[in-house]
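Biologist: I would like a close look at a single part of this model, with the surroundings brought in only where they help to place that part. Please begin with whatever term I need in order to follow you.

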Amino acid sequence: MAARDNANPAPSAAEQANAEAIATAEAIAAGKGRPTPTRKEREAARKRPLVPNDRKQAAKEHREKMNAARERARIGMANGEEKYLPQRDRGPQKKWVRDYVDARISIGEFLIPVMFVVIILTFIPSVEAQTISILALWAFFLVAVLDSTLLGFIVHRKLVKKHGADKVEKVRWYAAMRSLQLRILRLPKPQVKRGQFPD
């Protein structure tokens, strides 16, 4: 036993320290530079308390997240992203109708400006001018309704030709209501230019 012990003497403290220093230097050279965290340390870093200690800070963070989510939804809806659209605006046929209406110059989209002009004209102290302006407004309104009704039939016929009569959604009212809105106020916002009709 003595001979075996003498053949493999235990390393001294200096040699052990030297070996540890070499191992540490090799680890740093390899790019790690720190000891690998234990599983217990990793799990503790991932854990968050169910009830935060600072309730005001937690409420503030929650508000910020909700505001950011609402802003993303608002921008997504304005840009016509499908996942942010309400149910009435979803689907490829509705998108096609929106593009067709936005590419067209509709009479109904000028209804609000005309109404504004008529309201101004009613302040003129002349019964004839007021009567004419009111009649002109009603005439314009009837023409806009006829134009929107015609638009509904046009988009329905084109979708039947494109998809087949049994696969066409109810889009006439949808097209008419969009055509009566000012182009700048439409949601989702127009994605096509004037005259850029969809295929």
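Modeller: A residue is called buried when its relative accessible area is under 20%, exposed when that area is over 50%, and partly exposed in between. The structure shown is a predicted model, and the part I have chosen is helix 7, which covers residues 127-163.

Val145 has its place in helix 7, and with a relative accessibility of 34% Val145 counts as partly exposed, because that value falls between the two cut-offs. Together with Ile134, Trp138, Phe141 and Leu142, Val145 forms a nonpolar patch on the surface, and these five residues have about 470 Å² of accessible area together. Membership in such a patch requires over 30% relative accessible area, so the value of 34% lets Val145 qualify on that count.

The UniProt record, in an unreviewed entry, places the annotation "transmembrane region" on residues 105-126 and 132-155. In the model, residues 132-155 are 100% helix and 0% strand, with 34 Å between the C-alpha atoms at the two ends. For residues 105-126 the end C-alpha atoms also lie 34 Å apart, but that span is 50% helix and 0% strand.

Helix 7 also carries a charged residue that pairs with another part of the chain: the side chains of Asp147 and Arg104 meet in a salt bridge, with 2.7 Å from N to O. Asp147 is in helix 7, whereas Arg104 belongs to the loop between helix 5 and helix 6 (111-121), so that the pair links distant parts of the chain, 43 residues apart. Asp147 is buried at a relative accessible area of 11%, and Arg104 is buried as well, at 13%. Helix 7 thus holds Val145, which is partly exposed, and Asp147, which is buried.

Where helix 7 ends, the chain continues into the loop between helix 7 and helix 8 (172-179). In that loop, Glu169 forms a salt bridge with Lys94, and the closest N and O atoms of the two are 4.0 Å apart. Because Lys94 lies in helix 5 (residues 92-103), this pair ties together parts that are 75 residues apart in sequence. Glu169 counts as partly exposed, at 31% relative accessibility, whereas Lys94 is buried, with a relative accessible area of 11%.

Helix 8 makes its own connection to helix 5, through a salt bridge between Arg178 and Asp102 whose closest N and O atoms are 2.9 Å apart. Since Arg178 lies in helix 8 and Asp102 in helix 5, the pair ties together parts that are 76 residues apart in sequence, and both Arg178 and Asp102 are buried. These two residues also belong to a network of salt bridges in which Glu109, Arg186 and Arg194 take part.

To set helix 7 in the whole, the protein has eight helices and zero strands, and a search of the whole structure finds nine salt bridges. Of the 199 residues, 21% count as buried, Asp147 being one of the buried residues. The accessible surface of the protein comes to about 15,300 Å², and 62% of that surface belongs to carbon and sulfur atoms. Among contacts between residues at least 6 apart in sequence, 69% join residues at least 24 apart.

Terms used:
Residues numbered from 1 in each chain as written. Predicted model: local features only at pLDDT ≥ 70, side-chain atom pairs only at ≥ 80, totals over all residues. Heavy atoms only, no water. Helix = DSSP H or I, 4+ residues; strand = E, 2+ residues; numbered from the N terminus. Buried < 20%, exposed > 50% of the residue type's maximum accessible area, 1.4 Å probe, protein only. Contact = heavy atoms within 4.5 Å. Areas by Shrake-Rupley, 256 points an atom, 1.4 Å probe, with all protein chains shown as cover. Patch = residues over 30% accessible without salt bridge, like charges linked within 9 Å, V, L, I, M, F, W, Y side chains within 5 Å. UniProt positions renumbered as here; feature names shortened; annotations may be inferred.
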